[in-house]
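Please open the model in your viewer, with the sequence panel beside it, and follow the stops below in order.

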Amino acid sequence: MNNSGDYRVRRGVRNTQNIVSIIFLSLVALMALTFSIVLLIRNANLQRQEDAIRSELDALNQEGYYTEAEASKLVEDAKEEAAEETKNSIRAMIQQKLENGDGATSTIRSLFPDQIVVASSGRYYFFPILDEIEHHGFGEDDFEFDENGFLTYVGDDSTVEVKNGIDVSRFQGEIDWKKVKAAGIDFAIIRAGLRGTTEGKLLVDDFFEANIEGATENGIDVGVYFYSQALDEDEAKEEVQLILDLIEPYKIKYPVVIDVESAESDSARTVDLSTDDYELVVKTFCDMVSNAGYTPMIYGNVKSFTLLMDAIDVDNYDIWIAYYGTPLYYPYHFDIWQYTSSGRVDGIDGDVDLNICITDY
């Protein structure tokens, strides 16, 4: 009786184990089936994506798109083509400017708007335009000539007040200052004297006294200038002392000016002066004029303020710039602009330098 019961117990356990095994295997089979179905679905999706991408690539190729290598080749070809077109465009522009009568210097300047280009002794010099120096701020169309040949301001700045002036020397001969005043001239810068370019002798202008008296008697405000060829500090002081002695009897409203220009001669005494030499002469002159109670000023052209002096080193003085024509090819601040050497004014026989002043002296 006891053995029979044990057998039934063992048999029941075995049957239970078999049922569990069947359930477990069924679950494994179901999971495997599910995983297989997922893989089949994913593979089908991947295949569809691949087919779609291939279809897109085929469409891109048909529409003119290129491989990376082909695209790189096209970019290089485009660069070469652009460079050739740019070169041809510049050549055409230069040709047109020259055919229109623009000089070589003017043409070259138009190609370098961020630099000051200076021609001297068969060479071209390039100076970067500095932000450290105050710019005059006038636009290309801010000035135009009136019917009398005077330069007038037509810009939008209502604070700009322009006065008409001339500068004269013995070369203008006898001047009818009453007619000059009636012609609309507000001021005159009169040459007091000069230093010889070779021997260095100091000379008083032959017409200085007649000009300064004629101008002041007719209500024209005056300043004076001296053509300097000083080599050093001592010679600069000599020039200033000569001027101070000459102008002592007169009322000088406009500046006392040092004229700084290079003498275009290999025999000129200043031919070997360095930038430092020129600047020492200028600073000595201006400081001595200022100490005497007058307003100092430097006269020069674009070459003067680039090759002879560094504009930034004389930036604290009043500037009289000589540049003929418009627009002004000088970016920095100025007080007087000499805009032509062939002006005509009633009361003066022949040509005379014309100026505008934008500073109230």
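Begin by selecting Phe 226 together with Ile 258 in S9, which is the bridge partner of Phe 226. The labels used on this tour follow DSSP runs numbered from the N terminus, where helices are runs of H or I with at least four residues and strands are runs of E with at least two. This is a predicted model in which local features need pLDDT of at least 70 and side-chain atom pairs count only at pLDDT 80 or more, while totals for chains, interfaces and linings use all residues. Residues are numbered from 1 along each chain as its sequence is written, and side-chain values use heavy atoms, with hydrogens and water left out.

Widen the selection to S8 and strand S9 (residues 256-259), which pair in the parallel sense over 4 bridges; two strands pair if DSSP finds at least two bridges between them. Adding strand S6 (residues 187-195) shows another parallel pairing with S8, over 7 bridges, in which Arg 191 stands opposite Tyr 225 in S8. Of the 7 residues in strand S8 (residues 221-227), 6 are buried, where buried means under 20% relative accessible area, exposed over 50% and partly exposed in between, with a 1.4 Å probe and protein chains only.

Now bring in helix H6 (residues 233-247), which with S8 and S9 makes a right-handed β-α-β unit. To check the hand, point the strands away from you: the crossover is right-handed if the path from the first strand over the helix to the second runs clockwise.

Go next to Asn 211 in helix H5 (residues 208-217), which counts as buried because its relative accessibility is 2%. Beyond its neighbours within four places in sequence, Asn 211 is in contact (heavy atoms within 4.5 Å) with Val 168, Ser 169, Gly 173, Ile 175, Trp 177 and Ile 190.

Then select Ile 90 in helix H2 (residues 68-99); Ile 90 is partly exposed, because its relative accessible area is 36%. Draw a distance from its C-alpha atom to that of Leu 111, 21 residues apart along the chain, and the separation is 8.6 Å.

Two backbone details close the tour. Most residues other than glycine have a negative phi, and most peptide bonds are trans. Ser 121, in the loop between strand S1 (115-120) and strand S2 (123-128), has a positive phi near 55 degrees, and Ser 121 counts as exposed because its relative accessibility is 72%. Finally, select the peptide bond from Thr 326 to Pro 327, which is cis with omega near -5 degrees; Pro 327 lies in the loop between strand S11 (318-322) and strand S12 (336-343).
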